[in-house]
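Dear colleague,

I am passing on the structure below, together with an account of what was found in it. Please have it open beside you as you read.

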Amino acid sequence: MTEDFLKQLLQPLRRIEPEQTFIAASKARILLATQEPPMNMLSSRLRIRFFESLTLTGAIALASFLILIAFGSISYLSGGGATLATSFNNDALISEAQSTDFQLQIKAVTYFDESAKQVAMALDKITQPNAQDPKK
Amino acid sequence: MLEAEQDFIEKAKAGDSAAFGHLYDHYIKQIYRFIALKVGTKETAQDLTHEVFMSAWQKLPNFKSQGFPFSSWLYTIARNKVIDHYRTKKSHVSIDDDGVIESDLLQSNVRTDELFDLQLSITKVHEALGQLTGEQREVITMRFVSDLSPAEIAQILNKREGTVRIIQYRAIQKLKKILEEHP
């Protein structure tokens with residue numbers, strides 16, 4: 001079967017045509033309608049290419065990322081950010097570190113001082129010559 | 001392709017309705033035929049054809065040829081309108097079920113004495129086409145009724161040109177077999 005034969009076979013379908021009254025009425029109505037304004041070249045190109053390239057997975061990932069950013073921003077603005085910002089103050093960090101170290105030293109000295117006294121008293125009791133033998 | 005088509009397109013893009021009128025006059029019959037063969041009724045074919053050219057006129061300022069003729073763009077709009085039609089208004093009917101051509105599609109421009117024979121021929125051809133898959137029928141009608149090139153069909157169907165040629169080859173083989181069995 002050649003292409004020419006096929007064209008001949010399908011020739012009757014080419015006889016399907018619209019009515020002239022329809023053509024005239026439709027054309028008149030169309031040409032009275034207003035056109036859409038042209039979109040900005042760069043923005044339209046970027047918009048179309050970006051959204052056309054999005055797959056379902058990509059769209060879900062993008063939506064999740066945007067939600068994360070939104071919640072992060074809300075959390076930051078509601079106070080969490082202020083605390084975080086002050087923690088990066090160098091002077092405050094140094095003074096905090098110094099005071100913590102100091103208190104630990106005092107506590108350690110007090111502990112050793114008290115424990116040394118208790119140990120000495122216990123040793124004295126054991127080593128006294130007139131100490132009574134509990135078995136006697 | 002219409003002579004000075006690019007000039008008409010540029011003028012129409014700038015809002016020149018007379019320029020669009022030339023494009024309308026040149027393409028109305030083939031777009032109407034393309035739609036009529038898919039929907040089968042005069043009223044629906046007229047409605048959808050009107051919508052196609054209305055969309056084309058309204059969206060023309062943003063039209064970019066991308067190396068393909070203006071007709072490819074019109075056929076793409078037409079195809080999408082038909083798909084939308086079956087999806088929204090006739091959800092119970094598939095686009096592949098377009099097996100009936102109503103006789104009123106011909107009555108206005110065919111002599112009464114040849115109307116019966118013509119209707120019979122159309123019914124016979126359409127029945128043969130009806131045994132092809134929707135995709136094969138679409139390629140065959142675009143290629144041999146609308147005279148579109150495989151490259152243009154590929155653009156409209158969003159397929160590779162090679163794929164369109166394969167679909168066309170298989171459709172011709174199938175039609176040959178059908179016509180041999182039912183001459």
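To begin with the first chain, chain A contains five helices and zero strands, and its pattern along the sequence reads α-α-α-α-α. Of the 136 residues in chain A, 6% are buried. Please keep in mind throughout that this is a predicted model.

Chain B is built from eight helices, with zero strands, and its pattern along the sequence is α-α-α-α-α-α-α-α. Chain B has 183 residues, and 38% of them are buried. If one takes the contacts in chain B between residues at least 6 apart in sequence, 60% of these contacts join residues at least 24 apart.

Next comes the interface. Where the two chains meet, 25 residues of chain A are in contact with 36 residues of chain B. On the side of chain B that touches chain A, at least two residues each are supplied by helix 2 (17-39), helix 3 (42-59), helix 5 (112-130) and helix 8 (161-181) of chain B, and helix 2 of chain B gives the most, with ten residues. Sorted by class, this side of chain B has 21 nonpolar, eleven polar and four charged residues.

One helix pair across the interface can be followed in detail. Helix 2 of chain A (residues 20-32) packs with helix 2 of chain B at an angle of about 145°, the axes being 11 Å apart, and the crossing of these two helices is right-handed. The contact is made by A:Ile23, A:Lys27 and A:Leu31 from helix 2 of chain A, and by B:Ser17, B:Phe20, B:Gly21, B:Tyr24 and B:Ile28 from helix 2 of chain B. By class, the residues of this contact are five nonpolar, two polar and one charged.

Helix 2 of chain B also holds B:Arg33, which raises a question: why does B:Arg33 count as buried? The reason is that B:Arg33 has 22 C-beta neighbours inside 10 Å, and a residue is called buried when 20 or more other C-beta atoms lie within that distance. Apart from its neighbours within four places in sequence, B:Arg33 is in contact with A:Ile16, A:Glu17 and B:Val145. B:Arg33 and B:Ala45 are twelve residues apart in sequence, and their C-alpha atoms are 8.1 Å apart in space.

Turning to the interior, the largest nonpolar core has 51 residues, of which B:Ile31, B:Ile35, B:Val52, B:Leu74 and B:Ala78 touch the most other members. At least two residues of this core come from each of helix 1 (5-13), helix 2, helix 3, helix 4, helix 5, helix 6, helix 7 and helix 8 of chain B, with the largest share, twelve residues, coming from helix 2 of chain B. As for B:Ala78, its contacts are B:Ile31, B:Phe34, B:Ile35 and B:Val52, if residues up to four places away in sequence are not counted.

Helix 7 of chain B (residues 150-157) deserves a separate paragraph. Its buried residues are B:Glu152, B:Ile153, B:Ala154, B:Gln155 and B:Ile156, and these pack against helix 4 (70-88), helix 6 (134-144) and helix 8 of chain B. After helix 7 of chain B comes B:Asn158, which has a positive phi, near 60°.

Two of the packings of this helix can be described by their geometry. Helix 4 of chain B and helix 7 of chain B pack at an angle of about 40°, with their axes 9 Å apart, and they are therefore oblique to each other; their crossing is right-handed. In this contact, B:Ser72, B:Tyr75, B:Thr76 and B:Arg79 belong to helix 4 of chain B, while B:Glu152, B:Gln155 and B:Ile156 belong to helix 7 of chain B. These residues divide into two nonpolar, three polar and two charged.

With helix 8 of chain B, helix 7 of chain B makes an angle of about 105°, and the axes are 8 Å apart, which means that helix 7 of chain B is roughly perpendicular to helix 8 of chain B. Here B:Pro150, B:Ala151, B:Ile153, B:Ala154 and B:Leu157 of helix 7 of chain B meet B:Glu161, B:Val164, B:Arg165 and B:Gln168 of helix 8 of chain B, a contact with six nonpolar, one polar and two charged residues.

With best wishes

How values were computed:
Residues numbered from 1 in each chain as written. Chains lettered and ligands numbered in written order. Predicted model: local features only at pLDDT ≥ 70, side-chain atom pairs only at ≥ 80, totals over all residues. Contact = placed C-beta atoms within 7 Å. Helix = DSSP H or I, 4+ residues; strand = E, 2+ residues; numbered from the N terminus. Nonpolar A, V, L, I, M, F, W, Y, C, P; charged D, E, K, R; others polar. Buried ≥ 20, exposed ≤ 12 C-beta atoms within 10 Å, placed from the backbone. Core = buried A, V, L, I, M, F, W, Y, C linked by C-beta atoms within 7 Å. Axes fitted to C-alpha atoms, helices over the stretch in contact; angles between N-to-C directions. Parallel < 35°, antiparallel > 145°, perpendicular 65-115°, else oblique. Left-handed = near helix turned anticlockwise from the far one by under 90°.
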